[in-house]
Amino acid sequence: MPMSAELKDLQAAVIPRRRCIVGTAGHIDHGKSALVLALTGSDPDRLPEERKRGMTIELGFAHLVLPCESGDPIHVGIVDVPGHERFVRTMVAGATGLDLGLLVVAADDGVMPQTREHVEILDLLGVESGLIAISKADLVHSDQVEAVLEEIAELVAGTCLRDWPVIATSAKSGEGLDELRSTLAELISDLPSPESSSIFRMAIDRVFAVRGRGTVVTGSVLSGRARVGEALDLQPAGLGCKVRELQSYGTSAEDVAAGQRAALNLTGIDRERIERGMELSTTGYLMPTRYLDARVRILTRQDKVFPSHRRIRMEIGTTEVMATLVVVGGSQIQPGSDALAQLRLARPIVASFGQRFIIRDENACATLGGGRVVRPVSRRFRPHQRGEQEALEQRESPDAFVRYNEAIRQAGFETWTPMRVACEIGVPPDAVAALSDRLRGSDQLIRVGGSDVHARTVAAVEQRTLAYLRRHHADHPTEPGVLRDRLVGWIKKRSADGWGRVILKRLLKDSRATQSGPYIADAGFRPALSPEDAALAEKLIAEIAAAQFDVPVMPKLKTVAALSRPRAKMLDDLAKCEPRLVSVGPQHFLTTEAMDRFTRTIRELAARGPFKLADVRDALGLSRRVVQPLLEHLDRVGVTKRVGDERVLLEADA
C-alpha cells in the first residue's frame, strides 16, 4: 500500500538523505560550469568543442561529496545543462529526475531571456526545492547585487522557486562557496527519503560503447533500484536486456537507486538499438504509445490563445517528439490557463501517470507551457465526444480508487497486470490488489474465466447487442430474429473469448431478449405480418391448441400440409418466435398453456420422489409415444434429469 504522509515524514526524519541529484539552470555564459568546477573540482564541460568555445553544448556531470555531522557523507550528482536557447531540449533532458535545482544568475548581467525560460521550465516540471546562486559577484558593486536580488524576486514570484534561498558567489574568488555547500546540505537533509519503490526507471541521456565491455548507458535514476544481473525493459523499443555491471560516480556498485547518477553496462542488446531518450524500466511497467492524454498549462506570458490541433514539440524525460495537441472539450487554451488535451505523437514514447513534460513551439524557438500525464496510453478519439472529458477528469482524480475504477472501465475486456495498472494510475503495484477487492466488493466487477471486467463495460456491450437486434428487426421485419450462433460470434468480436455466451445469457435471464428455437430477438419484437400471414398463424396456433399434447410435427399439420415449401418455412419460423408456442423438438410445437400443464404434473409427481415415464402417462392419460418427447424436452432445458429409468426434478421454477 502507498505510504501515508505521516509515515513518509517519519521515514524522512529517521533515514536522512545520503544521495541527491542537483541540476543547474540559467542563461548562457552566466558561469554555471565554472561554479560546478569550483564546487567539485571537476569540469563538467567534457567535450573539446565545449572547452574551446567556452560554451556548454551537451549535458555535463560532476560529483560532490558533502560532509554530514550526523553520519555518512552525502553524495551529490550534479547535472550541468547548456544555457543557450538552441539547447533547451538538452536542458529539459538534464532536468529529468532532479531532487534540487540550482539556478545561476550572473551579477553583471542579471535576469536574461534563458533565465526566464529556465525558471518556467523548472516550475512546469515541479522542481520544488533548490537554491539560487548569483554568480560573478566579485565583478560588481554590492548595489548591483542588490538590484539583481530584486530582479530575481520579481522573476520567481508565483513559481515553485519563490522560497529558494539566494546566495552571492564567485567561482574565481571562492566567495559564497562554503555557504552554497552548507545550504545544499541543509536542503538535502530536508528532502523526504526516496519512497521505496519496486519500479526501476531511468531515462537514458548518454549511450556509448566501451572496448571490451560493450554497451553502456547513463542517466539519473528516477525511481526504484537496479541490481547487477537484473533483466530490464528498453522502451519504447520493446526490447529486453540484462545488467552486466553498474557504476555510480565512477565507482563499481552492486546496485543503484533513486537519487543517483548511474552507468549501466548492458548485455543482450546492440549499441545501435539504443538512443538517447529511451528508458530502462522494470519489466512490464511501461508500454509504448502514440497517444496520451494530459492536463496542459499554457504560460501566462504567451500573447495569443493556444488553438487546438496545433503542432508542438513535446519534451518528456530525455526525449523530444513532435506532436499535435488536441484540446478536449474546447477549441483553445487561454494564456495562463489549463485544459485537458490529447497529444497525438509522431512516434511511440513511454510515460506514466503524473509525469511532467514541457511543450515548445514547432520550430523550437519558445517554451509554450507544460503539463502532467493523465492517461499514459490512450487511443485516438473525437475531442468533443460525449463522456471523454468526464472520463479524463475521473482519471486525474486525487483519489486512487476513482482513478482505478475509471481505468478498469476504459480497459474494456483487456486484461491488465498489476504492473500495467500501477503505471496507468500512479500507485505501487502491490496496492492494486486492494483496489481490485474494493471494486469487486461494490459489485462493479464481473468475473469470467479468471479475468475481471467492469460492469459498465459489459453493460455497454449489452446495449450494443440489443441495438444490433433492433436494427436486424427493422431491416428484416418478417424474420424471427438472429441465429444464436451468429449473435454469439458478433458479441465475441466486440468483447473477448468466452464473453459471447455470457452476455447473451444475461440478456435472456433479464428478459431483455428472447429465444425461440435457434433464434434470438429483442424482447419487444414481434414479426410484422400481412393480414393473410397473421390469419394463417392464428389458424396454426388454434390447430396446435386443439391437439393439446398430441401435436403432429409441422409438415403433418393440416394448416401446413397444403402450403408451398417457402410458405411452410415462413410459418415454421413464425412458430419459433411466437410466445404462445413452445418448441419441444424439430418442427414440433405445443402451446405454452399445454406445456405449463405438463410441467405442473411433473412437479406434483416429483414432490413424492423420483418418477417414471409410466407415472406421467397414467397421470395424464396419454400414450408413451406422446409423453417421451415431452420429457426429453424437459431434460434438455434442465427442468428434469433422467437417472436410469427414473427422473428427478432439478428446478423449482422452469
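Is Tyr468 buried or exposed, and at what relative accessibility? In this predicted model, Tyr468 has a relative accessibility of 12% and therefore counts as buried. The cut-off for a buried residue is under 20% relative accessible area.

Tyr468 belongs to one of the aromatic pairs. A search of the whole structure returns three such pairs. A pair of aromatic rings is described by the distance of the centres and the angle of the planes. In one pair, the rings of Phe413 and Trp499 have centres 5.2 Å apart. Their planes lie at 70°, so the arrangement is edge-to-face. Planes over 60 degrees apart fall in that class. The Phe413–Trp499 pair links distant parts of the chain, with the two positions 86 residues apart in sequence numbering. Phe413 sits in the loop between helix H9 (400-411) and helix H10 (418-425). Trp499 is in helix H14. Both Phe413 and Trp499 are buried.

Tyr468 pairs with Trp490, and the ring centres are 4.4 Å apart. The two planes meet at 15°, so this pair is stacked. Stacking requires planes under 30 degrees apart. Distant parts of the chain are again linked: Tyr468 is in helix H12 and Trp490 is in helix H13 (residues 484-493), 22 residues apart. Trp490 has a relative accessible area of 12% and is therefore buried.

Helix H12, which carries Tyr468, also packs against helix H14, which carries Trp499. Two packed helices are described by the angle between their axes and the distance between the axes. For H12 (residues 455-475) and H14 (residues 499-509), the angle is about 75° and the axes are 10 Å apart. The two helices are therefore roughly perpendicular to each other. The class covers angles of 65 to 115 degrees. On the H12 side, the contact is made by Val458, Val461, Glu462, Thr465 and Leu466. On the H14 side, Trp499, Ile503, Arg506 and Leu507 take part. The contact residues comprise six nonpolar, one polar and two charged. Trp499 thus appears twice, in the contact with H12 and in the edge-to-face pair with Phe413.

A charge also sits over an aromatic ring. Arg438 lies over the face of Phe401, at 3.8 Å from the ring centre.

Backbone geometry was examined next. Most residues other than glycine have a negative phi, and most peptide bonds are trans. A cis peptide bond joins Gln235 and Pro236, with omega about 10°. Pro236 is placed in the loop between strand E10 (231-235) and strand E11 (239-248). Lys136 has a positive phi, near 60°. Its place is the loop between strand E5 (130-135) and helix H6 (142-156). With a relative accessible area of 21%, Lys136 is partly exposed. Gln587 likewise has a positive phi, near 60°. Gln587 lies in the loop between strand E29 (581-585) and strand E30 (588-591). At a relative accessible area of 39%, Gln587 is partly exposed.

A further loop position is Gly621, between helix H19 (613-620) and helix H20 (624-636). Gly621 has a relative accessible area of 63% and is therefore exposed. The threshold for an exposed residue is over 50%. Gly621 and Gln444 are 177 residues apart in sequence. In space, the C-alpha atoms of Gly621 and Gln444 are 52 Å apart.

Definitions and conventions:
Residues are numbered from 1 along each chain as its sequence is written. This is a predicted model: local features need pLDDT of at least 70, side-chain atom pairs count only at pLDDT 80 or more; totals for chains, interfaces and linings use all residues. Side-chain values use heavy atoms; hydrogens and water are left out. Axes are lines fitted to C-alpha atoms, for helices over the stretch in contact, and angles run from 0 to 180 degrees between N-to-C directions. Helices (H or I, at least four residues) and strands (E, at least two) are DSSP runs, numbered from the N terminus. Angles under 35 degrees count as roughly parallel, over 145 as roughly antiparallel, 65 to 115 as roughly perpendicular and the rest as oblique. Contact means heavy atoms within 4.5 Å. Ala, Val, Leu, Ile, Met, Phe, Trp, Tyr, Cys and Pro count as nonpolar, Asp, Glu, Lys and Arg as charged, and the others, Gly among them, as polar. Rings of Phe, Tyr and Trp (its six-membered ring) pair if their centres lie within 6.5 Å; planes under 30 degrees apart count as stacked, over 60 as edge-to-face and the rest as tilted. Buried means under 20% relative accessible area, exposed over 50%, partly exposed in between (1.4 Å probe, protein chains only). A charge sits over a ring if NZ of Lys or CZ of Arg is within 6 Å of the ring centre and within 35 degrees of the ring normal.
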